[in-house]
Amino acid sequence: METTERNSTPFPNVPPVIESDDREYLDSGVPSTVAIAGHPLHPLSIIFPIAFLAAALGSDFGYWLTGDFFWARASLWLIGLGLVTGIIASVIGMSDFLQIERVRKRTAGWVHLIVNISILVFTALNFILRWGDPESPILPWGLLLSLIVGTLTSITGWFGAELSYRHKIGVVGAGSKRYP
């Protein structure tokens with residue numbers, strides 16, 4: 001645990017991977033710009049694309065192991081649903097990114113944005129690749145794209161959690177949207 005005058009939070013400060021700042025740590029937090037009754041919608045909306053895309057990776061493995069067309073068709077549907085719900089989650093997240101300066105001041109905000117855009121691009125490519133023939137593209141390219149999306153989802157989830165838990169963005173609080 002690093003402790004300096006600038007940073008006495010109980011967390012390490014390892015820029016650009018993990019940034020920590022007393023002002024944010026002690027701040028009450030910045031509420032999301034898209035919320036119902038104070039409850040932020042972005043954390044709620046991300047569970048759907050994560051679930052669909054993780055299940056698509058599982059169904060790709062199911063096809064690889066069994067060769068059953070059911071798994072190919074399931075993957076196509078899951079990838080399509082992951083893409084649609086991912087676009088919805090990204091619109092909600094982009095609202096916070098554009099309206100809350102604190103998000104844009106942090107490396108975690110930019111990494112989260114860029115990796116999520118990459119996920120949407122890879123997911124769209126995976127869907128287009130399979131459209132009209134959900135079975136033959138699975139091995140190897142469809143499975144590879146699903147693995148890449150799964151890996152990137154884990155990475156962006158880490159940085160999204162950094163924004164919420166370390167930088168207190170999208171939480172209930174009365175902090176400034178600007179950098180504290």
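Phenylalanine 127 comes out at 21% relative accessibility, so this residue counts as partly exposed; the cut-off for buried is under 20%. Its partner is tryptophan 131, which at 62% relative accessibility counts as exposed. This is a predicted model, and a search of the whole structure turns up four aromatic pairs. One of them brings together phenylalanine 70 and tryptophan 71, with 4.9 Å centre to centre and 75° between the planes, an edge-to-face arrangement. Phenylalanine 70 is partly exposed at 44% relative accessibility, and tryptophan 71 is likewise labelled partly exposed, with a relative accessible area of 30%. For phenylalanine 127 and tryptophan 131, the ring centres are 5.5 Å apart and the planes sit at 40°, so this pair is tilted.

Tryptophan 71 turns up again around serine 59. Serine 59 belongs to helix α3, which runs over residues 47-66. With a relative accessibility of just 2%, serine 59 counts as buried, because the label applies under 20%. Leaving aside residues up to four places away in sequence, serine 59 touches Trp71, Ala74, Ser75 and Leu78.

Next comes helix α6, residues 107-130. This helix has 24 residues and reaches 35 Å from its first C-alpha to its last, close to the 34 Å expected at 1.5 Å a residue. Its buried residues include Ala108, Gly109, His112, Leu113 and Val115, and further along Ile119, Leu120, Thr123, Asn126 and Arg130 are buried too. What do the buried residues of α6 pack against? The partners are α2 (42-45), α3, α4 (69-99), α5 (101-104) and α7 (138-166). Just after α6, glycine 132 adopts a positive phi of about 90°.

Some of those α6 residues also show up in the nonpolar cores. In soluble globular proteins, nonpolar side chains tend to be buried together. Here the largest nonpolar core has nine residues in all: Val30, Phe97, Ile100, Val103, Ala108, Leu113, Phe159, Leu163 and Ile169. Helices α6 and α7 each supply at least two residues of this core. There is also a second, separate core of five residues, with Val115, Ile119, Val149 and Leu152 among them.

Helix α7 holds a backbone oddity as well. Leucine 139 and proline 140 are joined by a cis peptide bond, with omega about 5°, and proline 140 is placed in α7 itself. Two residues other than glycine also take positive phi values. Alanine 37 has phi near 55° and sits in the loop between β1 (35-36) and β2 (39-40). With a relative accessible area of 85%, alanine 37 is exposed, since that label applies over 50%. Lysine 168 has a positive phi of about 55° and is found in the segment after α7. At 21% relative accessibility, lysine 168 counts as partly exposed.

As for annotation, the unreviewed UniProt entry carries "domain: DUF2231" over residues 38-172. Across residues 38-172 the chain is 83% helix and 1% strand, and the C-alpha atoms at the two ends are 7 Å apart.

Methods. Residues numbered from 1 in each chain as written. Predicted model: local features only at pLDDT ≥ 70, side-chain atom pairs only at ≥ 80, totals over all residues. Heavy atoms only, no water. Helix = DSSP H or I, 4+ residues; strand = E, 2+ residues; numbered from the N terminus. Buried < 20%, exposed > 50% of the residue type's maximum accessible area, 1.4 Å probe, protein only. Contact = heavy atoms within 4.5 Å. Expected span 1.5 Å × (residues − 1). Phe/Tyr/Trp six-rings, centres within 6.5 Å; stacked < 30°, edge-to-face > 60°. UniProt positions renumbered as here; feature names shortened; annotations may be inferred. Core = buried A, V, L, I, M, F, W, Y, C linked by side-chain atoms within 4.5 Å.
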